[in-house]
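Take a look at the fold below. We will go from strands to sheet, then to helices, and end at one residue.

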Amino acid sequence: MADIFDVIADGTRRDILQLLLDRATGGERGTSVSQIVAALGVSQPTVSKHLKVLREAELVTVREVGQHRYYSLAVAPLDEIDDWLVPFFSIEEENEPALPESAVHAAEVVGRAAASVKHSFSTALRKLPGR
């Protein structure tokens with residue numbers, strides 16, 4: 001598996017991830033390649049190439065319906081990035097007191113719990129009839 005930082009270093013892949021996030025937040029259950037091409041103005045072969053890299057990094061999932069494929073964001077692998085970045089946010093700034101370690105830990109726990117609840121709630125809403 002490619003290093004996740006190498007995968008998200010590419011601007012087009014970040015644009016695809018952002019589009020999938022925006023559409024998922026809007027209640028979409030997946031986005032087709034043609035929708036990604038139209039939204040980003042990038043060629044279909046380019047989008048397909050980047051989706052393959054994102055799939056291999058397990059940052060997206062694919063759902064097949066007939067001959068159509070619908071891509072969705074997979075947020076779990078992004079925890080690796082979050083885990084790596086969090087310590088950088090706790091570096092003491094000049095003239096700013098550092099938060100106590102217990103406060104940093106509590107904020108991290110609350111943040112992850114909130115994100116998990118939001119994801120679970122959004123997923124449950126999408127499964128309701130008529131959505």
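Arg63 stands opposite Tyr70 in β3. Another such pair is Thr61, which stands opposite Ser72 in β3. This is a predicted model, where local features need pLDDT of at least 70, side-chain atom pairs count only at pLDDT 80 or more, and totals for chains, interfaces and linings use all residues. Residues are numbered from 1 along each chain as its sequence is written, and side-chain values use heavy atoms, with hydrogens and water left out.

Strand β2 covers residues 60-65 and pairs with β3 in the antiparallel sense over 6 bridges. Strands here are DSSP runs (E, at least two residues), as helices are (H or I, at least four), numbered from the N terminus. Two strands pair if DSSP finds at least two bridges between them. The β2 and β3 hairpin has 2 residues between the strands, and Gly66 takes a positive phi near 65° there.

Now add β1, residues 31-32. It pairs with β3, residues 68-73, in the antiparallel sense over 2 bridges. Thr31 has Tyr71 in β3 as its bridge partner. The result is an open sheet of 3 strands in the order β1-β3-β2. Its edge strands, β1 and β2, each pair on one side only.

Helix α2 (residues 11-25) packs on the sheet and touches β1, β2 and β3. Contact means heavy atoms within 4.5 Å. The direction of α2 makes about 90° with that of β3. Axes are lines fitted to C-alpha atoms, for helices over the stretch in contact, and angles run from 0 to 180 degrees between N-to-C directions. Helix α4 lies across β2 and β3, at about 115° to β2.

His50 sits in α4, residues 44-56. Is His50 buried or exposed? His50 counts as buried because its relative accessible area is 4%; buried means under 20%, exposed over 50%, partly exposed in between (1.4 Å probe, protein chains only). Leaving aside neighbours within four places in sequence, His50 is in contact with Asp10, Thr12, Arg13 and Ile16.
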